[in-house]
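Subject: Structure handover

Hi,

Here is the structure I promised to pass on to you. Have a look at it first, and then read on for my notes.

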Amino acid sequence: MIRQIRKVEENEIVAKRMSLTTIAWNIIWNFSLFNFYFSVSVLSPTNAQLMAPAFFYFMICFLFELKLLLLCWKANNMDVIQEGNTQARKALIYFYVKFYCICLLIVIFSDTIISSPFLLLILNGMVWVPQIIKNAMNKARNVPDIKFVLSMTFTQ
């Protein structure tokens, strides 16, 4: 993850090739998994050992993935940023409002999602679909690093 962040910081083209939807969905999905494990550990004394790992996983994922999301958003919205701070602020606020509304919906429906193996499979599998679509539409040869893809997939 840190290596991918460095690549994005150093090379705007790499940042533009990253799908904002994929990164955002991964963050939302990780948050929903954290929410489930943390809730289970708080409500059930027999599962209290899940509390610390869930919390640290949440903090690490959110710190790095939100940084990556912001860097990629900035690279994909340079025209808005060049229009001035006011326009950039409005665009970023709009982006974050959409992002947190989806987070809220996932939290509201988390019991339904967690209790359905089919929904879990579909939602977990959807993480990389936006990136695949973006690569296909742009006919990109320089796709995200395989280590980054595997690390984000396996952390779930």
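Below is what I found in it, going from the core to the aromatic rings and then to the surface.

Please keep in mind that this is a predicted model.

**The core**

A good place to begin is the largest nonpolar core, which has 32 residues; L68, L69 and C72 are the ones that touch the most other members. Helices that each supply at least two residues of this core are α1 (2–10), α2 (12–17), α3 (20–43), α4 (51–76) and α6 (85–108). The biggest contribution is from α3, which gives 10 residues.

If you would like one residue to centre your view on, try L69. Leaving out residues up to four places away in sequence, L69 touches L20, I23, A24, I27, F95 and F99.

**The aromatic rings**

Next, the rings: there are six aromatic pairs in the count. In one of them, W25 and W29, the ring centres are 6.2 Å apart and the planes meet at 15°, so this pair is stacked. Both residues sit in helix α3, and because they are four residues apart there, about one helical turn separates them. W25 is buried, since its relative accessible area of 13% falls under the 20% cut-off. W29 is buried as well, with a relative accessible area of 2%.

F99 and Y100 give you an edge-to-face pair, with 4.9 Å from centre to centre and 75° between the planes. Here the two partners are worth viewing one at a time. F99 counts as buried at 3% relative accessibility, whereas Y100 is partly exposed, with a relative accessible area of 45%. F99 also appears among the contacts of L69. Zooming out a little, ring pairs link W73, F95, Y96, F99 and Y100 into a cluster.

**The surface**

Finally, please turn to the outside of the model. Which residues make the nonpolar surface patch of about 650 Å²? They are F118, L119, I122, M126, V129, I133 and M137. Two helices, α8 (117–125) and α9 (129–138), each supply at least two residues of this patch. F118 lies in helix α8, and with 57% relative accessibility F118 counts as exposed, because the cut-off for that is over 50%.

Happy to go through any of this with you on screen.

Best wishes

Terms used. Residues numbered from 1 in each chain as written. Predicted model: local features only at pLDDT ≥ 70, side-chain atom pairs only at ≥ 80, totals over all residues. Heavy atoms only, no water. Patch = residues over 30% accessible without salt bridge, like charges linked within 9 Å, V, L, I, M, F, W, Y side chains within 5 Å. Areas by Shrake-Rupley, 256 points an atom, 1.4 Å probe, with all protein chains shown as cover. Salt bridge = Lys/Arg side-chain N within 4 Å of Asp/Glu carboxyl O. Buried < 20%, exposed > 50% of the residue type's maximum accessible area, 1.4 Å probe, protein only. Core = buried A, V, L, I, M, F, W, Y, C linked by side-chain atoms within 4.5 Å. Contact = heavy atoms within 4.5 Å. Phe/Tyr/Trp six-rings, centres within 6.5 Å; stacked < 30°, edge-to-face > 60°.
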